[in-house]
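Me: I would like to go through the cavities of this model and one helix pair beside them, asking at each step what a term rests on.

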Amino acid sequence: MAIKPDSPLQVGEWQYLPEQDKLVQFGPDGKVIATADLDNLSQKVANYFIVHAGKLVTKDELLLDVWGIRDVSDGRVTRVIRVLRVALGDDTREPRYIETIPKRGYRFIAPVSAISPPVQPNNIAQPLIPATTDIKKTNRQSIVFGASVMALLVMLLSWLFWPADEVVSEDNTSSIPMWRYKPVTAMDGLEFYHNVSPDERYLVFSHASPEAENVTVLQLQDLHEHKRVQLTDPSYSSFGAVFSPAENKIAYHRMYSGGGCHIRLLEFSPQDLSVVSDTLLVECGKRTVSGRITWSPDGRYLVYPSMDDGQKQMVLQLLALDSRVPEQLTVPPSSSFGDFSARFSRRGDKLVFLRDAAGSAQIWLMNLSNRSTQLLTQVQDTYPGNVDWNLDDTAIIYPSGPTSIGRIDINTSSSGLLAYTDNYANEIQVTKSGKIVASVGSFSKMNIKKVANRIHNSSDYNQPVFSSNRNESFIEASPVAGGPSAVVSRRSGLPQVWLFYEDGRQEQVTFFQKNERFRNLSFSPDGTNLLVQLTNEIWLIRKEAEPLQVAGGQGTVVGVPSWSANGEQIFYAESNQGRWQVVAIPLNNLASSTVFSTEKELYLECREAEYVLWRDSNTKKFFVRHADDSVEELDIKLPDEQIMLKLELRKQGIYYSSLTSEMEYQLKYYDFVKRQSDVAVPTMQLGRFSISADERYAFILEYEFGDIDIQELEPGIDAL
């Protein structure tokens with residue numbers, strides 16, 4: 001059962017806001033200074049404790065009233081309690097919130113009292129980001145933040161995660177419902193790539209446990225009998241499973257650690273869920289990234305993503321099951337990573353698919369009778385893993401934001417909010433009865449670590465920094481000794497850029513009003529200005545000035561902003577008809593932009609020495625022009641699987657991240673004198689990094705294994 005307070009409450013040092021279903025802390029100026037970082041399940045447990053404050057709560061009560069199912073271990077309860085204590089700042093030795101009653105359960109001991117509805121913080125009503133102005137001759141514009149305090153109070157539910165491509169007026173926000181998820185699975189680790197059988201009897205999904213992070217197996221669950229079995233073994237990884245229309249067969253994507261890739265057909269027995277057979281249908285490209293498969297309603301075709309040695313992007317393949325001959329369906333532009341997910345319409349005459357667009361997701365429609373394609377929308381506030389059709393094939397249902405479900409009319413391409421939700425859906429499926437089944441949660445939580453740079457530091461220094469309950473996801477060190485580091489943090493709720501000074505001062509410099517996806521941070525050579533790349537926008541952060549959008553938006557695709565060596569120009573990559581080019585903007589005239597090069601897709605100037613680096617748009621090779629005008633092709637070879645790239649130019653060489661295995665990176669350093677690459681940091685979990693001004697340290701990101709469950713919404717057929 002869903003138990004949730006329905007009025008604002010003072011909970012110890014926290015305030016509970018029912019409209020947002022969050023625990024927050026306000027500062028003296030009325031601004032949110034902290035938000036309890038809780039996933040959906042942990043928030044529900046917190047709500048249960050608040051409602052039952054002062055009473056003994058047993059583990060059995062929690063399992064029954066919060067999880068609602070019986071197959072949850074005591075260890076899962078313990079994990080959630082630990083998450084709650086960390087988020088609330090509690091201490092098991094001297095508890096102020098959750099007291100453990102040995103062998104019996106827990107008691108919530110913090111005082112809980114009713115309060116008047118809080119006034120919304122000033123940073124919501126009056127952000128530091130300017131109102132819209134024409135800042136470029138090419139008609140690129142800043143975002144408007146001129147809403148009044150009253151309008152924002154009326155739109156209390158929408159100010160956090162308002163999708164940029166959806167217009168919701170004051171008059172109709174109240175008509176948008178709030179839907180809450182209820183659990184279907186509750187295993188430790190990640191349950192994702194799910195598919196419900198046509199009769200809604202069975203659920204198949206991929207599962208990765210914290211104990212075996214690099215292995216993903218298929219699980220099959222009988223939703224009526226509450227029985228679950230493992231279908232595949234951990235000697236390979238299994239993804240993207242889909243039921244046949246006949247329901248007792250499953251097509252799935254098998255990936256081997258050595259690089260092999262299969263699309264396979266598994267048949268199971270409905271009586272005991274045992275595997276009857278598991279046969280190869282077709283091989284997919286060795287460079288293929290795990291993806292989702294869709295099965296046509298007539299049972300004759302499969303569509304799956306694939307990428308081989310001859311392809312530069314993921315493409316969708318159509319496989320006729322009678323002939324076993326694949327046919328390429330899509331041709332993504334060169335600026336895109338490719339097409340990674342598709343779903344047949346219920347009549348089987350159309351296909352909706354997802355395309356990467358330099359870090360954001362686009363939703364496309366294909367008419368299978370003539371193979372014509374149409375862009376429906378670009379998703380601004382999230383990166384959905386899968387979308388689905390409504391029940392009559394007139395609209396696409398998709399995760400439109402971190403806490404919202406959207407709907408796109410395929411005839412008019414008009415989009416709008418279908419509902420707000422209480423958690424983040426990675427991918428969704430709409431069943432025949434009108435349920436929305438989603439994978440809900442997060443793959444990981446991030447933390448920033450400061451480690452020794454082997455090139456200039458032989459110590460074993462390795463410490464977490466700037467930590468706020470693992471809410472930090474990006475860092476850029478100042479290029480000037482003693483300067484502040486720029487950090488992307490959720491400590492005030494939404495992701496924002498903070499400056500962290502060596503004397504301990506902290507300063508929030510952005511006040512974005514929706515859940516932005518940060519892609520890049522770059523300091524000017526003197527450390528006074530900062531470029532911030534969101535999904536498809538580039539912002540300039542200047543000292544004692546309001547942030548200003550200088551590029552992107554309005555359907556453009558941008559990437560990799562950088563500074564000229566003297567700090568007087570901004571460079572960035574822009575996709576032009578599917579091909580990258582480099583654009584330049586003078587800092588003294590931000591309304592003017594010119595195409596700097598049509599042959600380069602990346603351009604960087606070194607602030608410490610007279611050389612420049614670029615990557616050729618055609619060959620994808622790296623080149624350096626030195627101070628004497630000599631050009632050197634760099635011996636920097638990146639694995640085919642590496643999508644993201646970070647480089648940092650220094651006086652004697654270049655730092656870059658390189659993928660060494662399916663799940664690990666190394667930080668390498670190309671030395672101009674030795675003309676070879678050495679290892680600066682031997683192991684990194686992600687490819688992002690930043691080097692300190694003195695080059696003795698590197699800042700890297702590490703992640704903690706996340707938790708994703710399969711959950712469902714029951715909006716009703718009429719709502720879709």
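Reply: Since the model is predicted, it helps to fix terms before use: helices and strands here are DSSP runs, of at least four residues for a helix and at least two for a strand, numbered from the N terminus, and a lining residue is one that has an atom within 4 Å of a cavity point.

Me: Which elements, then, supply at least two residues of the lining of the second largest cavity?

Reply: They are helix H1 (40–51), helix H2 (59–67) and strand E55 (697–713), with H1 giving the largest share, three residues. The lining as a whole consists of Asn40, Leu41, Lys44, Val66, Trp67, Pro183, Ala186, Asp709 and Gln711, and the space inside comes to about 70 Å³.

Me: Why is a space of this kind called a cavity and not a pocket?

Reply: A 1.4 Å probe fits at the points of a cavity but cannot get out, whereas a pocket is an open set, so the word cavity states that the space is closed to that probe. By this rule the count comes to seven cavities of 30 Å³ or more, and the largest cavity holds about 90 Å³.

Me: What lies closest to the centre of the largest cavity?

Reply: Of its 13 lining residues, His194, Arg292, Arg343, Asn386 and Glu427 are the closest to the centre, while strand E11 (190–196), strand E15 (237–243) and strand E31 (425–430) are the elements that give two or more residues to the lining. By class, that lining has five nonpolar, five polar and three charged residues.

Me: How do you know that H1 and H2 meet?

Reply: Contact requires heavy atoms within 4.5 Å, and Leu41, Lys44, Val45, Tyr48 and Phe49 in H1 meet Glu61, Leu62, Asp65, Val66 and Trp67 in H2. The residues of this contact divide into seven nonpolar, no polar and three charged. The two axes come within 10 Å and cross at roughly 115 degrees, in a right-handed crossing.

Me: What makes a residue of H2 count as buried, and which residues of H2 are buried?

Reply: The term applies under 20% relative accessible area, and in H2 the buried residues are Leu62, Leu63, Asp65, Val66 and Trp67; Val66 and Trp67 also line the second largest cavity. H2 is then followed by Gly68, whose phi is positive, near 75 degrees.

Conventions: Residues numbered from 1 in each chain as written. Predicted model: local features only at pLDDT ≥ 70, side-chain atom pairs only at ≥ 80, totals over all residues. Heavy atoms only, no water. 1 Å grid on protein atoms, 1.4 Å probe; cavity = no way out; pocket = protein on both sides within 12 Å on 5 of 7 lines; lining within 4 Å. Points joined across faces, edges and corners; volume = space filled by probe spheres on them. Nonpolar A, V, L, I, M, F, W, Y, C, P; charged D, E, K, R; others polar. Axes fitted to C-alpha atoms, helices over the stretch in contact; angles between N-to-C directions. Left-handed = near helix turned anticlockwise from the far one by under 90°. Buried < 20%, exposed > 50% of the residue type's maximum accessible area, 1.4 Å probe, protein only.
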